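I opened this notebook to record what I looked up in the structure, topic by topic. The entries follow the order in which I consulted it.

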Amino acid sequence: MKDIDGRAVAKALREEVAAAAERLREGGTVPTLAVVVPTDDEGTAWYVRSIAKTAGKLGLDCRVVQLEEPGRDEIVAKLQELSADPEVHGVICQTPLPEGVSLAEVGWYISPFKDVDGANSESLGRLAQGRRTFAPATSAAVLELLRHEGVRLEGARAVVVGRSTVVGKPAALLLVNESATVTVCHSRTKELAAVCREADVLVAAVGRPRMIGAEFVKPGAVVIDVGTNPTPDGGLVGDVDYEAVAPLASAITPVPGGVGPVTTMLLLRNTVEAARLALEHP
Ligand code: NDP
């Protein structure tokens, strides 16, 4: 079994992003990401600080826009304002959102040209059509890790556990676009373990700590664990029971240190790409 080192993949991306940001800065453009934070959530605040810190180190600007108890209309207005701001190249809206507000709905108000975390349904539609677009960064991180490991996807059997719009569905679309044969599972899937055992590539995006045990994994499968479940001692645990699954898998992402670091880096790479495209097609 081999650990797939997300931090090493992120490091390689880091150099690529920093170099691209530097080229833009030399031409007078500071690639800028705006992060709208609509709720007062400790986990979100930590994540946003980490994005801003990494952005700064790589030569990007990160504008954190904290909204105090906003309703749907305030969130939409802010996303529209940032989408129209020529100095902003990427816009993301952090979850959780206030009750009754969904990312699928407010994401529509992020310009598709600045939609660096694929929240606009137009971005998801383009993904479904196999066209060029910004995919949600977490799902793109799954593919980036598989690519980095040289996993052959064409004709491979892939099973994605989870059908959320931000992770499971876009990951499945990205895998289909790479010519994998994809099954998407969810809470109503019958005989889940047996379905998962068919996978050459198993992606867990469930949000249930250590749910995927040895009985879900075919020997030699590649396992990507998207889960980030907080533990009582302040740590993180994945959706996969790492100790049980690692001896079976040919390669597996640890948590932490797998999908997470790559996700942040792809968000920043998308922002730099959006800035570059804005210059090319003003
Ligand atoms: P959601 O809660 O939106 O979706 C969870 C999915 O898992 C749903 O489709 C649900 O099915 C399915 N599910 C729940 N219980 C079961 C079960 N017992 N058996 C089979 N399927 C089940 O979560 P997200 O997609 O937003 O996130 C998934 C995980 O990824 C979480 O741990 C989250 O923290 C993590 N995450 C990590 C990121 C990163 O950068 N590393 C970024 C974003 C998320 P149904 O649709 O039927 O309810």
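**Entry 1. The second largest pocket**

I began with the second largest pocket and read its volume as about 1,000 Å³. I note that the model is a predicted one. I then listed the lining, which comprises 35 residues. R132, T133, F134, E273 and L277 are the ones nearest the centre of this pocket.

I asked which class of residue contributes what to the lining of the second largest pocket. I found 16 nonpolar residues, 11 charged residues and eight polar residues.

Next I looked up the helices behind this lining. At least two residues each come from α3 (72-84), α5 (121-128), α6 (137-148), α7 (168-177) and α10. The largest share belongs to α10, with seven residues.

**Entry 2. Domains**

I consulted the domain assignment, which gives domain 1 as 28-112 and domain 2 as 137-260. Their C-alpha centres are 28 Å apart.

Where does the second largest pocket lie with respect to domain 1 and domain 2? I recorded that it lies between them, because both domains give residues to its lining.

**Entry 3. The ligand**

I turned to the ligand and its shell. How many residues surround the ligand? I noted 22, of which R163, S164, S187, R208 and T228 are the closest. By class, this shell holds 11 polar, eight nonpolar and three charged residues. Helix α10 (residues 259-280) provides the largest share of the shell, namely three residues. I had already met α10 as the source of the largest share of the pocket lining.

I then looked up three threonine side chains facing oxygen atoms of the ligand. For T228, an N or O atom of the side chain is 2.8 Å from a ligand oxygen. For T263, a polar side-chain atom lies 3.3 Å from an oxygen atom of the ligand. For T138, the corresponding distance from a polar side-chain atom to a ligand oxygen is 3.5 Å. I also checked the ligand's accessible area: taken alone, the ligand exposes 920 Å², and the protein buries 70% of that.

**Entry 4. The two ends of α5**

I returned to α5, one of the helices that supply the pocket lining. At its start, a side-chain oxygen of N120 comes to within 2.7 Å of the backbone nitrogen of E122. After α5 comes G130, which has a positive phi near 75 degrees.

**Entry 5. Backbone geometry in loops**

I looked up cis peptide bonds. One joins T95 and P96, with omega at about 0 degrees. P96 is placed in the loop between β4 (90-93) and α4 (103-106). Another cis bond runs from V255 to P256, and its omega is near -5 degrees. P256 belongs to the loop between β11 (251-252) and α10.

Finally, I looked up E69, which is not a glycine and yet has a positive phi of about 45 degrees. Which elements flank the loop that holds E69? I found β3 (61-66) and α3 on either side of that loop. I had noted α3 earlier among the helices that supply at least two residues of the lining of the second largest pocket.

Notes:
Residues are numbered from 1 along each chain as its sequence is written. This is a predicted model: local features need pLDDT of at least 70, side-chain atom pairs count only at pLDDT 80 or more; totals for chains, interfaces and linings use all residues. Side-chain values use heavy atoms; hydrogens and water are left out. A residue is near a molecule or strand if one of its heavy atoms lies within 4 Å of it. A polar contact is a pair of N or O atoms within 3.5 Å; within protein, one must be able to donate a hydrogen and the other to accept it, and residues adjacent in sequence count only if both atoms are side-chain atoms. Accessible areas come from the Shrake-Rupley method with a 1.4 Å probe; for residues, only the protein chains shown count as cover. Helices (H or I, at least four residues) and strands (E, at least two) are DSSP runs, numbered from the N terminus. Ala, Val, Leu, Ile, Met, Phe, Trp, Tyr, Cys and Pro count as nonpolar, Asp, Glu, Lys and Arg as charged, and the others, Gly among them, as polar. Domain bounds come from an automatic or database domain assignment. On a 1 Å grid over the protein atoms alone, a cavity is a set of points where a 1.4 Å probe fits but cannot get out, and a pocket is an open set with protein on both sides within 12 Å along at least five of seven lines; lining residues have an atom within 4 Å of a point. Grid points are joined across faces, edges and corners, and a volume is the space filled by probe spheres set on the points.
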